[in-house]
Amino acid sequence: DENFHVFAVDVESGKERDLTPFEKTRAAIVDDLEDVSDTDVLVQMNRRNPELFDVYRLNVGTGDLRLVAKNPGKVEGWGTDHDGAVRIAIETDGLTTRIYSRKTEKESFRPILKFDYRSDFSPLFFSFDNRYLYASSNLRRDKSAIVEVDPGTGRQIKTIYGRDDVDVDGLSYSKKRKVITAASFVTSRHEFKFFDPISEKRYDRIKKEIG
């Protein structure tokens, strides 16, 4: 019935435990909080309303659930900052898309962008100080580019990288060193624009070794 559940598995015994044992409810992981918590993950469920998915913080060890983002409409996608806070919500009906944002989880979501099916704005991740949002966007331009945006207003601050020939839709970063490493795009093949010399050297070395 496509009502997927989130399970925990003991890596030694193999014992499984259903962490979302609710009838007629579909669950999925939003963020594993790898850099934030050893015990918690963020999951979305339509437990409150079959048509709406809310986000909960779930303790994998105890099964405790805490609501952290109540769906303000028909939100289908969520974005978290580097502290694991749910800051971005994406709502679409197939024709119109709205981007919502909030500064903290104590605040309500506010709409910051609205565009139709001919345009695209895809949030990627927050800056390392959680002040700005990186996104792939073709708003007011022909091709998608990587842009830095004020998440409070939706205003574009600057273009990180763009091209005239193809869309640029990927951006990578180093969790350990907290630097943006490369933008990615597809021409006749998958290519990268490196901003970080360490990552570029590693890529060139591996590319040479595997031919």
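**Strand pairing and internal space in the predicted model**

In the predicted model, V41 has its bridge partner in strand 5, namely L58. The two strands concerned, strand 4 (residues 40-49) and strand 5 (residues 52-59), are paired in the antiparallel sense, and seven bridges connect them. Strands 4 and 5 belong to an open sheet of four strands, ordered 3-4-5-6, in which the pairing is antiparallel. Strand 3 (27-31) and strand 6 (65-69) occupy the edges of this sheet; each has a single partner strand, so one side of each is left without a neighbour in the sheet. From one strand to the next, the twist of this sheet averages 45°.

Strand 4 also contains Q44. This residue has a relative accessibility of 17% and therefore counts as buried, the cut-off for that class being under 20%. The side chain of Q44 is engaged in a polar contact with the side chain of W78, at 3.2 Å. W78 falls within the range of strand 7 (75-80), and strand 7 is part of another sheet, described next.

The second sheet is likewise described as open and is made of four strands in the order 7-8-9-10, with antiparallel pairing. Its edge strands are strand 7 and strand 10 (110-116), each of which pairs on one side only. The twist in this sheet averages 20° from one strand to the next. Strand 7 is joined to strand 8 (residues 86-92) by five bridges in the antiparallel sense, and V75 stands opposite E91 of strand 8.

Towards the end of the strand numbering, strand 16 (residues 179-186) has pairing partners in both strand 15 and strand 17. Strand 16 is mostly covered, with six of its eight residues buried. With strand 15 (residues 168-174), the pairing is antiparallel and runs over six bridges; in this pair, G170 has S184 of strand 16 as its bridge partner. The hairpin of strands 15 and 16 has four residues between the strands, and K178 adopts a positive phi near 55° there. With strand 17 (residues 190-194), strand 16 pairs in the antiparallel sense over five bridges. A183 is placed opposite K193 of strand 17, and three residues separate strands 16 and 17 in the hairpin that they form.

Empty space in the model was examined next. Rolling a probe the size of a water molecule over the atoms shows where such space is left. The largest pocket holds about 390 Å³ of space. Its lining comprises 21 residues, among which D35, D81, H82, Y173 and K175 lie nearest the centre of the pocket. At least two lining residues are supplied by each of strand 3, strand 7 and strand 11 (121-126). By class, this lining divides into nine nonpolar, four polar and eight charged residues. Strand 3 thus appears both at an edge of the first sheet and in the lining of the largest pocket; strand 7 is an edge strand of the second sheet and also contributes to that lining.

The second largest pocket contains about 200 Å³ of space. It is lined by R87, S101, R102, K103, E107, S108, R110, N130, R131, P151 and G152. The classes in this lining are one nonpolar, four polar and six charged residues. Among the lining residues, R87 lies within the range of strand 8, and R110 within that of strand 10.

A single cavity of 30 Å³ or more is present in the structure. The largest cavity has a volume of about 50 Å³, and its lining is formed by L113, F121, S137, L139, R140, V147, V149, G154 and Q156. Five of these residues are nonpolar, three are polar and one is charged. L113 falls within the range of strand 10, whereas F121 falls within that of strand 11.

For the chain as a whole, the secondary structure amounts to one helix and 17 strands. Of the 211 residues in the chain, 41% are buried. Taken along the principal axes, the C-alpha atoms fill a box of roughly 50 × 45 × 35 Å.

Terms used:
Residues are numbered from 1 along each chain as its sequence is written. This is a predicted model: local features need pLDDT of at least 70, side-chain atom pairs count only at pLDDT 80 or more; totals for chains, interfaces and linings use all residues. Side-chain values use heavy atoms; hydrogens and water are left out. Two strands pair if DSSP finds at least two bridges between them. Axes are lines fitted to C-alpha atoms, for helices over the stretch in contact, and angles run from 0 to 180 degrees between N-to-C directions. On a 1 Å grid over the protein atoms alone, a cavity is a set of points where a 1.4 Å probe fits but cannot get out, and a pocket is an open set with protein on both sides within 12 Å along at least five of seven lines; lining residues have an atom within 4 Å of a point. Grid points are joined across faces, edges and corners, and a volume is the space filled by probe spheres set on the points. Ala, Val, Leu, Ile, Met, Phe, Trp, Tyr, Cys and Pro count as nonpolar, Asp, Glu, Lys and Arg as charged, and the others, Gly among them, as polar. Buried means under 20% relative accessible area, exposed over 50%, partly exposed in between (1.4 Å probe, protein chains only). A polar contact is a pair of N or O atoms within 3.5 Å; within protein, one must be able to donate a hydrogen and the other to accept it, and residues adjacent in sequence count only if both atoms are side-chain atoms.
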